[in-house]
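Colleague: Got the new model open. Can you walk me through the cysteines, the helix packing and the sheet?

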Amino acid sequence: MSCLLAAALVLTGCGSGPAGGDVEQDASAPLELWTRTTPGGPGEQGTIKLAAAFEKATGHKVKVTAIFDDFETKMQQRAAQKDLPDIVMNDVAQLGTMQSQGLLREIDLSKVAGAKDVSERALAAGKAVDGKQYGLPYSAQATALLIRRDWREKLGLKPPQSWADLAAMAKAFTEKDPDGNGEADTYGLAAPLSTKRGYASWYFSNFLWAAGGDFVADAGGGKYKPAMSTAESVAAMQWFRDLGCKDKVIQPGAVTMDTPPTNETFEAGKAGLYVVGPYLLPRFDKALGKDKYEVMAMPKGAKSAEVLAEGGAVYLMAGSPNQAAQDAFAAFAISAEGQKIGMEGEAAYIVQLPVNTTVDIAQVRPDPRWKTFAEAYQTSGRYAPSLPNWTPVRQVSAETVNALVADCSLDLKAELGKLDTKLAAILTEQGIAAS
């Protein structure tokens, strides 16, 4: 970004040091922490608990503010005032956007105690396109397959070992009355395929990557090229589209649904398969009962068993008067103590899967289903690339995925070709298009 824009956004010019490095430091200055979560909800409670433990351990005071609606707008308002919060806890996927706007200071891992204990996969997710560390992941997650065990056993089916098995199970759940009520009111796959916030491509990524396809392909040197017209991406889209258009095993109305109504579809017994992260286990345990469903790793696709990996990161904001405390908070969040505190409780936990390799999830959460998710993350988890701005890539891809499932008469290859044209324009605009 331009020096002028960076200076307008944050308390720094275009010096060679970290953004905000010229701000006078005060080791006693309290930290202001923003977390992107619902005010009053369990995420805020978990963050307050972590901040309180940090304050007790270090003496640094922290004020926690939870914001969900209009988070980005409020961040920009504070940037314009040259008064950013000191710490932001936000999705890893937001790294590129925040860094390209000049909101973050680079993280010097040598000043963050315990950084060597963070998994390489998580650390890599905190790097921007320039290869520098701007985020420090404190929580990870990956998707796995939830199956209605009672339906599977009633129909005499074995756990799926391939995509063919998965499709066959989805068809059986749709056509063979697994709930035994005599009505044709069950479906195979619960899928949030709305265009809202890019949900359709977010969900489809689990299938696209496992098939060897991609939204944009890494061309090396920080450059990318559109990849939705490749043979692998076309095959993945065709297979997934057939679930809705040919086999009709995706829940009705999926193309208008984001995650809340899709969650309800699964827990209400309207769909028997759901590819999702571990955060819904407490909810489904309560709504369905732990005995009604099971968790297993996604079966391998045409190329791999790669699934979507996500998580939260600690961001050290530019212009802080207490960078030492910023570093100390980051270190505490990734420490074994901080990770365990973040994992405590049945609802108010902010760490899904630990990023600290010294923390054994089985010791903190003995439920073996959590270990299934942890193993999926370690062996097959894949983060979206840290582009300067991933959001438009996800959004335009979601619009195409949504349209192809909503309108089965559309020419699939033609639509994916149009999508690649849009992706090329986005990459060019962000200055990362391969020549």
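**Cysteines, helices and strands**

Modeller: Start with C245, which is buried at a relative accessible area of 16%. Keep in mind that this is a predicted model.

Colleague: What counts as buried here?

Modeller: Buried means under 20% relative accessible area, so C245 at 16% qualifies.

Colleague: Which residue does C245 form a disulfide with?

Modeller: C408. The two sulfur atoms are 2.0 Å apart.

Colleague: And how many disulfides turn up in the whole structure?

Modeller: One. C245 is in helix α9, residues 231-245, and C408 is in the loop between α16 (391-406) and α17 (412-429), so the bond ties together parts 163 residues apart in sequence.

Colleague: Is the link of C245 and C408 left-handed or right-handed?

Modeller: Left-handed, with -85° about the S-S bond.

Colleague: Is C408 buried or partly exposed?

Modeller: Partly exposed, with 41% relative accessibility. Its partner C245 is buried.

Colleague: Back to α9. At what angle do α9 and α16 pack?

Modeller: About 45°, with the axes 9 Å apart. The two helices are therefore oblique to each other. The crossing of α9 and α16 is right-handed.

Colleague: Which residues make that contact?

Modeller: From α9, M237, F240, R241 and C245. From α16, V401, L404 and V405. So the disulfide cysteine C245 is itself part of the α9 contact with α16.

Colleague: How do α9 and α17 cross?

Modeller: At roughly 125°, and their axes come within 11 Å. That makes α9 oblique to α17. This crossing is right-handed.

Colleague: Which side chains should I highlight? I mean, which residues make the contact?

Modeller: S233, V234, M237, Q238 and R241 on α9. On α17, pick L412, K413 and L416. M237 and R241 are listed for α16, and they are listed for α17 too.

Colleague: Another helix pair, then. Where do α2 and α12 sit in the sequence, and at what angle do they cross?

Modeller: Helix α2 covers residues 42-58 and helix α12 covers residues 323-334. They cross at roughly 115°, with axes that come within 10 Å. The crossing is right-handed.

Colleague: What meets what between α2 and α12?

Modeller: L50, A51, A53, F54 and A57 come from α2. They meet A325, A328, F329, F332 and A333 of α12.

Colleague: On to the sheet. What is the strand order?

Modeller: β6-β9-β5-β10. It is an open sheet of four strands with mixed pairing.

Colleague: Which strands stand at the edges?

Modeller: β6 and β10, the latter being residues 293-296. Each has a single partner strand, so one side of each is left without a neighbour in the sheet. Neighbouring strands are turned by 20° against each other on average, direction ignored.

Colleague: Do β5 and β9 pair in the parallel or antiparallel sense?

Modeller: Antiparallel, over four bridges. β5 is residues 144-148 and β9 is residues 271-276. A144 has V276 in β9 as its bridge partner.

Colleague: Which helix packs on the sheet?

Modeller: Helix α10, residues 259-267, touches β5, β6, β9 and β10. Its direction makes about 135° with that of β9. Helix α15, residues 368-380, lies across β5, β9 and β10. α15 runs at about 30° to β10.

Colleague: What about the hairpin of β7 and β8? How many bridges join those strands?

Modeller: Four, between β7 (residues 216-220) and β8 (residues 223-226), which run antiparallel. D218 stands opposite Y224 in β8. The hairpin has two residues between the strands, and G221 there takes a positive phi near 65°.

Colleague: Last topic, backbone oddities. Why flag a positive phi?

Modeller: Because most residues other than glycine have a negative phi. D70 has a positive one near 60°. D70 sits in the loop between β2 (62-67) and α3 (71-80), and it counts as exposed at 53% relative accessibility.

Colleague: And R197, where does it lie?

Modeller: In the loop between β6 (187-190) and α8 (199-210). R197 has a positive phi of about 55°. R197 is partly exposed, with a relative accessible area of 40%.

Methods. Residues are numbered from 1 along each chain as its sequence is written. This is a predicted model: local features need pLDDT of at least 70, side-chain atom pairs count only at pLDDT 80 or more; totals for chains, interfaces and linings use all residues. Side-chain values use heavy atoms; hydrogens and water are left out. Two strands pair if DSSP finds at least two bridges between them. A disulfide is a pair of cysteine sulfur atoms within 2.5 Å. Buried means under 20% relative accessible area, exposed over 50%, partly exposed in between (1.4 Å probe, protein chains only). Axes are lines fitted to C-alpha atoms, for helices over the stretch in contact, and angles run from 0 to 180 degrees between N-to-C directions. Angles under 35 degrees count as roughly parallel, over 145 as roughly antiparallel, 65 to 115 as roughly perpendicular and the rest as oblique. A crossing is left-handed if the near helix is turned anticlockwise from the far one by less than a right angle, and right-handed if clockwise. Contact means heavy atoms within 4.5 Å.
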